[in-house]
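This report concerns the aromatic rings of one protein structure and their surroundings. Please consult the sequence and the model shown below while reading.

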Amino acid sequence: MFKQVELKYDFNALEPAIDELTMVTHYTKHHATYTNNLNSTLEKDSWLAGKTIEEILAGLDNVKDEAVHTAVRNNGGGFYNHNLYFDTLSPNGGAAPKGALAAAVDKAFGSYDSLKEKLSAAAIGRFGSGWGWLSTNKAGELKISSSPNQDNPLFESKGEWSPIFGIDVWEHAYYLKYKNVRADYVKAIFDVADWDRVAEYYGQFAG
Ligand code: MN3
């Protein structure tokens, strides 16, 4: 059984970047539903048993039944993506990356400002619902991309690339506060981005 990541902050702690009602709805409704739906799908294919969510998303081609494949793609993606999202935001965030992650950012993008610009463009430019991503491979190289719906680089690259930070640009992530102005939400996300936590995800996959 998969469990939602535990929040290390209160629902109102990310204000003004993310309002309390959006946080409550996003975590206790949307993320909880993806998680419950994933868990109820696990028994439908024996290949899924005992695997980590990373193994499942990277190896999803092993699930041959189309309906089960789609259910795990959408709900497993939703479970994983939101765990990463909520776990890499913090009321104490907003500072620039440090250490090995900062060096990788400079190498890939030239500067943290350039990373913000490119990741923002990917997130804002994603048509419809989806995500903007910062990802690493095992060599520690970074790249920016975007995905539709609840897809992510782990699924898309079959495990070659792993997201380490994601911006949820489904309307449920911002519409209550920002209405149609996705760009203002994306700008505000960087005020609560926890690059120390992102660096831990970076070290786990690339290290
Ligand atoms: Mn969401």
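In this predicted model, Phe11 has a relative accessibility of 26% and therefore counts as partly exposed. Tyr27, at 14% relative accessibility, counts as buried, because buried means under 20% relative accessible area.

A search of the whole structure finds ten aromatic pairs. Phe11 and Tyr27 form a tilted pair, because their planes stand at 55° and tilted pairs are those that are neither under 30 degrees nor over 60. This pair links distant parts of the chain, with Phe11 in the segment before α1 (20-41) and Tyr27 in helix α1, 16 residues apart.

A tilted pair is also formed by Phe165 and Trp195. Here, too, distant parts of the chain are linked: Phe165 belongs to strand β3 (residues 161-168) and Trp195 to helix α9 (residues 195-206), 30 residues apart. Both Phe165 and Trp195 are buried.

The two pairs are set out below.

| Pair | Distance between ring centres | Angle between planes |
|---|---|---|
| Phe11 and Tyr27 | 6.0 Å | 55° |
| Phe165 and Trp195 | 5.0 Å | 45° |

Which residues do ring pairs link into a cluster? The cluster consists of Phe11, Tyr27, Tyr85, Phe86, Trp131 and Trp133.

Charged side chains also meet aromatic rings. The charged end of Lys138 sits over the ring of Phe205, at 4.1 Å from its centre. Lys177 lies over the face of Tyr178, and the distance to the ring centre is 5.5 Å.

Terms used:
Residues numbered from 1 in each chain as written. Predicted model: local features only at pLDDT ≥ 70, side-chain atom pairs only at ≥ 80, totals over all residues. Heavy atoms only, no water. Phe/Tyr/Trp six-rings, centres within 6.5 Å; stacked < 30°, edge-to-face > 60°. Helix = DSSP H or I, 4+ residues; strand = E, 2+ residues; numbered from the N terminus. Buried < 20%, exposed > 50% of the residue type's maximum accessible area, 1.4 Å probe, protein only. Lys NZ or Arg CZ within 6 Å of the ring centre and 35° of its normal.
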